[in-house]
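Biologist: I would like a close look at one part of this model, followed by a connected account of the charged pairs and backbone features elsewhere in the chain. Please take it slowly and keep each statement tied to the computed values.

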Amino acid sequence: MASEDSLSSNPLLQNFEFPPFDVVDAHHVRPGIRALLHQLEAELEQLEKTVEPSWPKLVEPLEKIIDRLTVVWGMINHLKAVKDTPELRAAIEEVQPEKVKFQLRLGQSKPIYNAFKSIRESPDWNTLMEARQRLVEAQIKEAVLSGIALEDDKREEFNKIEQELEKLSHKFSENVLDATKKFEKLITDKKDIEGLPPSALGLFAQAAVSKGHENATADAGPWLITLDAPSYLPVMQHATNRALREEVYRAYLSRASSGELDNTAIIDQILKLRLEKAKLLGYSNYAEVSMATKMATVETADELLEKLRSASWAPAVQDIEDLKSFAKDQGAAEADSLTHWDITFWSERLRESKYDINEEELRPYFSLPKVMDGLFGLAKTLFGIDVAPADGVAPVWNSDVRFYCIKDSSGNPTAYFYFDPYSRPSEKRDGAWMDEVFSRSRVMAQKGSSVRLPVAQMVCNQTPPVGDKPSLMTFREVETVFHEFGHALQHMLTKEDEGLVAGIRNIEWDAVELPSQFMENWCYHRETLMSIAKHYQTGETLPENVYKKLLAARTFRAGSLSLRQLKFATVDLELHTKYVPGGTESIYDVDQRVSMKTQVIPPLPEDRFLCSFSHIFAGGYAAGYYSYKWAEVLSADAFSAFEDAGLDDIKAVKETGQRFRNTILALGGGKAPLQVFVEFRGREPSPEPLLRHNGLLVATA
């Protein structure tokens, strides 16, 4: 055990106003987390002994336990994502199982569960505030879904299923990874890889060097093609060699479907166990279990998918016709028989000829300082908040990290956030994300204040500034910053004081992307875009014809892209509702049946895409893939409220923005998302705005 002395100076165990990101180190993790878990276990035991079905005797002490763990674990997890070292990774890996064990123990606590049930069943239930009712119901539901209400032998069976599912999904992932790694195609003749851009050739030569062809170069080869996305995609998009495209496509499609890496039996076992788990919990299929914590039901998800499918079908058919006639004009031999390995290639050619937008050439118009000014200006217009630099107020993990304070219209701080914009490949994971540091909470308030203010962090991976040249962004990166800021606003502008349902906490999975996708829409709003798109050297605004192209490219092949997502979502729901493991229909039969209605060019009979569908067999999207589309409907409809009010009418935009702030951004997880949406929009969500934004609404005369 670490000495008392070193524990008392361990930054993870201090009381702090803002996390001491600058001093936490790998050697603090093991002793700090173990001491914390020890302390929290004692608090949990104490709570179980003294618990009563009341706020002060149940929810407040419980929130303190959950919050301490969330904040401290959040700190080290965050550092692993932005300042990774082998030592930190090893330390976290070692204490992770102990932390998970504590969470399971907390989640399956009978005394706490029974106390929540007593509140739910008490005669005073109807006098509780809505947010408190939501909190109680969420705690009960979570416990029930983790098997707490089952009799002992049933619970044992349930826990066995959980362990087994965990193992199977790991094995599924490993097989996909190993199968992806297994395929290698070495090319020595330059004319076999015509059409590929220099960046891809460089990557292929590098891959060849790593496999022992030490003299490989981008110009002279040899080149090694693999099935990793950065290798697979350029081949499908740019290789003029049709036979190569076919070979790579077929290999990609049959990953993990044969030999000792075959995922077929694993998928069947996963589906069988999920069904057993659902039955144990009293549901008729696994999709119902998934929907128990979501906004949609199986019926409403199905209904939405079908609405979008029928609207996307004719445009998707037209997309293929357009490709055929374009390929014919280009003198392509395959023009009349375009198939799977031609579509991506010809789409790229058509896109280049229609929109000739070069991402790289746009960068000088999007410099990070200008983009952030424009984003903060938009937030002031819409939500009446000021974003003020507050560097130096809180410790940071890297000198590039900025710290900001959000102030309301009377100048009072309402939240803070960190922004870590640049890529650091040696220590920071890729992608972009937003996370909570603190949630808004009455219970966790420091002495002398009535509430603890929320704190968020936004992380991106942009090109760092070079010399006196600022960070220059692609348009996609601009959309990403707007997206993450949308998540952050919902966390920071919450008015909810019950910590366990404040901000983004307790918001249903299929509603969580609403504010983030909503903010992305503003990137296409002429005034917003023109206010940020200024050339970093000359100050010249983005040319009008380029703006028009950006706008037009947004709906390019929208029908086809929409159908692709709908196919994934529909297969996912079918397998988790109607499919009978071990019955007459195989998983591949289901896939083929769904594809008849969701693919213009039917899949090959030997298509085994399910064997690498990690989202639903090794990720969090089982019977949940539809969420992507569900949230897009909500966000497009929310934005259409501004279109209805008139995007050029500043007074109307401000009023609508205020309403968005007081509903979607303020109510957090304390109110059901459908009610929140109706409060903002005045009606239930409609898919029409999404179809209109995607150019899929047949214009009515």
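Why are Lys629 and Glu632 separated by about one helical turn?

Modeller: The model is a predicted one, and the reason for that spacing lies in the sequence positions: Lys629 and Glu632 are three residues apart in helix α24, and therefore about one helical turn separates them. Their side chains form a salt bridge in which the closest N and O atoms are 3.2 Å apart, a distance that satisfies the criterion of a Lys or Arg side-chain nitrogen within 4 Å of a carboxyl oxygen of Asp or Glu. The two partners do not share one exposure class, because Lys629 has a relative accessibility of 6% and counts as buried, whereas Glu632, with a relative accessible area of 22%, is partly exposed. Elsewhere, Arg30, Arg34, Glu94 and Glu98 are joined into one network by salt bridges that share partners.

The loop that leads to helix α24 deserves attention as well, since α24 covers residues 627–645 and the loop between α23 (614–617) and α24 holds Ala623. Ala623 is a residue other than glycine, yet its phi is positive, near 50°, and at 0% relative accessibility Ala623 counts as buried. A comparable entry in the backbone list is Arg557, which is not a glycine either and has a positive phi of about 55°. Arg557 sits in the loop between α20 (544–553) and α21 (558–577), and its relative accessibility of 14% places Arg557 among the buried residues. A further backbone feature is the cis peptide bond from Gly221 to Pro222, whose omega is near -5°; Pro222 belongs to the loop between α8 (198–210) and β2 (223–225).

Returning to charged pairs, a search of the whole structure finds 52 salt bridges. Side chains of opposite charge can pair when their charged atoms come close. One of the pairs that involve helix α10 brings together the side chains of Glu247 and Lys185, with 3.2 Å from N to O. This pair links distant parts of the chain, Glu247 being in helix α10 (residues 242–253) and Lys185 in strand β1 (residues 185–187), 62 residues apart. Glu247 is partly exposed, at a relative accessible area of 34%, and Lys185 is also partly exposed, at 23% relative accessibility. Another pair is the salt bridge between Arg245 and Glu334, where the closest N and O atoms lie 3.6 Å apart. Arg245 is in helix α10 while Glu334 is in the loop between α13 (298–329) and α14 (340–355), so this pair ties together parts that are 89 residues apart in sequence. Both Arg245 and Glu334 are buried.

Charge also appears on the surface, where Glu151, Asp152, Asp153, Glu156 and Glu157 form a negative patch. Asp153 is placed in helix α7, which runs over residues 152–182, and Asp153 counts as exposed because its relative accessibility is 56%, the threshold for that class being over 50%. In an unreviewed entry, UniProt lists residues 33–155 under "domain: Oligopeptidase A N-terminal". In the model, the span of residues 33–155 is 81% helix and 0% strand, and its end C-alpha atoms lie 29 Å apart.

Terms used
Residues numbered from 1 in each chain as written. Predicted model: local features only at pLDDT ≥ 70, side-chain atom pairs only at ≥ 80, totals over all residues. Heavy atoms only, no water. Patch = residues over 30% accessible without salt bridge, like charges linked within 9 Å, V, L, I, M, F, W, Y side chains within 5 Å. Areas by Shrake-Rupley, 256 points an atom, 1.4 Å probe, with all protein chains shown as cover. Lys, Arg positive; Asp, Glu negative; His and termini not counted. Charge placed at Lys NZ, Arg CZ, Asp CG, Glu CD. Helix = DSSP H or I, 4+ residues; strand = E, 2+ residues; numbered from the N terminus. Buried < 20%, exposed > 50% of the residue type's maximum accessible area, 1.4 Å probe, protein only. UniProt positions renumbered as here; feature names shortened; annotations may be inferred.
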